[in-house]
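This briefing introduces one protein chain to a reader who has not seen it before. The sequence and structure come first, followed by notes grouped by topic.

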Amino acid sequence: MTEKESFLEYLQFEKHYSQNTVYSYRNDLEQYLLFLEAHTGSQQFTGADASNIRAWVVSMLDSGLSVSSVHRKVSAVRSFYRYLRREGLVSGDPLGKVLLPRKRKRLPVFVEENSIALLLDSYDFGNDFSGVRDRTIIEMLYLTGMRRAELIGLRDKDVDRQAKTIRVTGKRNKQRIIPILDSFADSLQLYLDLRNDMLFDNPGSWFFVSDRGNKLYEKLVYNVVNRYLEMVTTIEKKSPHILRHSFATHMLNHGADLNSIKEILGHASLAATQVYTHTTFEKLKSVYNDAHPRANK
């Protein structure tokens, strides 16, 4: 087994990374290998030095790759060399003296509260299975802040309507409990009744299913969210993750504690959650400039 394959197995079975993450690492390492072969004549990781890494970074930027993508790919290679050092296969760190271009900090994009309210309070999703399911998907994402993959992975046993909680399995198989509103817990019954009629009350099934009763897939969830957000907002990106951003931003705007939001979102560190404070501060500045009597002097 090659060092690369050994590393990928380590990520999958010891670090419990998702299949998508392992696939991304594989692609990044293979691209790095091809670059080494083209510029050094060898695909040997152990023979690379800082100058090779710098040349790789420059080539990626010259090809039009974004700074964020470059950082991600270099991070994958950095993790690989860390693994090689731990296994005693290399002694040095070719990335130790490599400086990367600064990433421009992006503020999370979110949907305004009145737009979400318009969609959930005024739009008729229909009373058939697809309509009720689509509304429930949007509500679940917005009311809990969970990720798309977490929603797809929900099973019946994860949703406790009596306790009004949902058990979510997040990144690296870490589980967390998210509370839900009383009204949402009650409304879930309508969805479950329609789903169970279609599935003949199949116990232990996936909580959300397609029109054919199969487990949801990523594109279906994206299309549902994109189609309905298109009706109420003009923001460019209308993905399920936007509802996660909207949840966190709206909670902060209404005085929620940052640590509590961190726990609900399943962030590993508070730093990941703090990005939302920039968005809410921008709103605060706007309110201040509009409301202060000296603002227009």
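Helices (H or I, at least four residues) and strands (E, at least two) are DSSP runs, numbered from the N terminus. By that count the chain has 12 helices and 3 strands. This is a predicted model, in which local features need pLDDT of at least 70 and side-chain atom pairs count only at pLDDT 80 or more, while totals for chains, interfaces and linings use all residues. Residues are numbered from 1 along each chain as its sequence is written, and side-chain values use heavy atoms, with hydrogens and water left out.

**Overall**
- The C-alpha trace of the chain spans about 65 × 65 × 30 Å along its principal axes.
- Of the 297 residues in the chain, 40% are buried; buried means under 20% relative accessible area, exposed over 50% and partly exposed in between, with a 1.4 Å probe and protein chains only.
- Among contacts (heavy atoms within 4.5 Å) with a separation of 6 or more, 56% join residues 24 or more positions apart.

**Leu 89 and Ser 68**
- Leu 89 lies in the loop between helix 4 (67-86) and helix 5 (113-122).
- Leu 89 counts as partly exposed because its relative accessibility is 44%.
- Not counting residues up to four places away in sequence, Leu 89 touches Glu 3, Thr 46 and Leu 84.
- Ser 68 is in helix 4, and its 43% relative accessibility makes it partly exposed too.
- The C-alpha atoms of Ser 68 and Lys 103 are 6.2 Å apart in space, with their positions 35 residues apart in sequence.

**The sheet**
- Three strands form an open sheet with the order 1-2-3 and antiparallel pairing; two strands pair if DSSP finds at least two bridges between them.
- Strand 1 (159-160) and strand 3 (175-179) are at the edges with a single partner strand each, so one side of each has no neighbour in the sheet.
- Strand 2 (residues 165-169) and strand 3 run antiparallel and are joined by 5 bridges.
- One residue in these bridges is Arg 167, whose partner in strand 3 is Ile 177.
- The C-alpha atoms of Arg 167 and Leu 89 are separated by 41 Å, and the two residues are 78 residues apart along the chain.

**Nonpolar cores**
- A nonpolar core is a set of buried Ala, Val, Leu, Ile, Met, Phe, Trp, Tyr and Cys residues joined through side-chain atoms within 4.5 Å.
- The largest nonpolar core has 49 residues, and Met 140, Leu 151, Phe 207 and Phe 208 have the most contacts inside it.
- Elements that each supply at least two residues of this core include helix 5, helix 6 (129-144), strand 2 and helix 8 (182-199).
- Helix 6 gives the largest share of this core, 7 residues.
- Phe 208 touches residues including Arg 133, Met 140, Leu 151, Tyr 191 and Leu 216, not counting residues up to four places away in sequence.
- Another core, of 30 residues, lies apart from the largest one, and among its residues are Leu 8, Tyr 32, Leu 36 and Val 98.

**What lines the second largest pocket?**
- By class, its lining has 9 nonpolar, 3 polar and 1 charged residues; Ala, Val, Leu, Ile, Met, Phe, Trp, Tyr, Cys and Pro count as nonpolar, Asp, Glu, Lys and Arg as charged, and the others, Gly among them, as polar.
- A pocket is an open set of points on a 1 Å grid over the protein atoms alone, where a 1.4 Å probe fits, with protein on both sides within 12 Å along at least five of seven lines; lining residues have an atom within 4 Å of a point.
- Helix 6, strand 3 and helix 10 (240-253) are the elements that give two or more residues to this lining.
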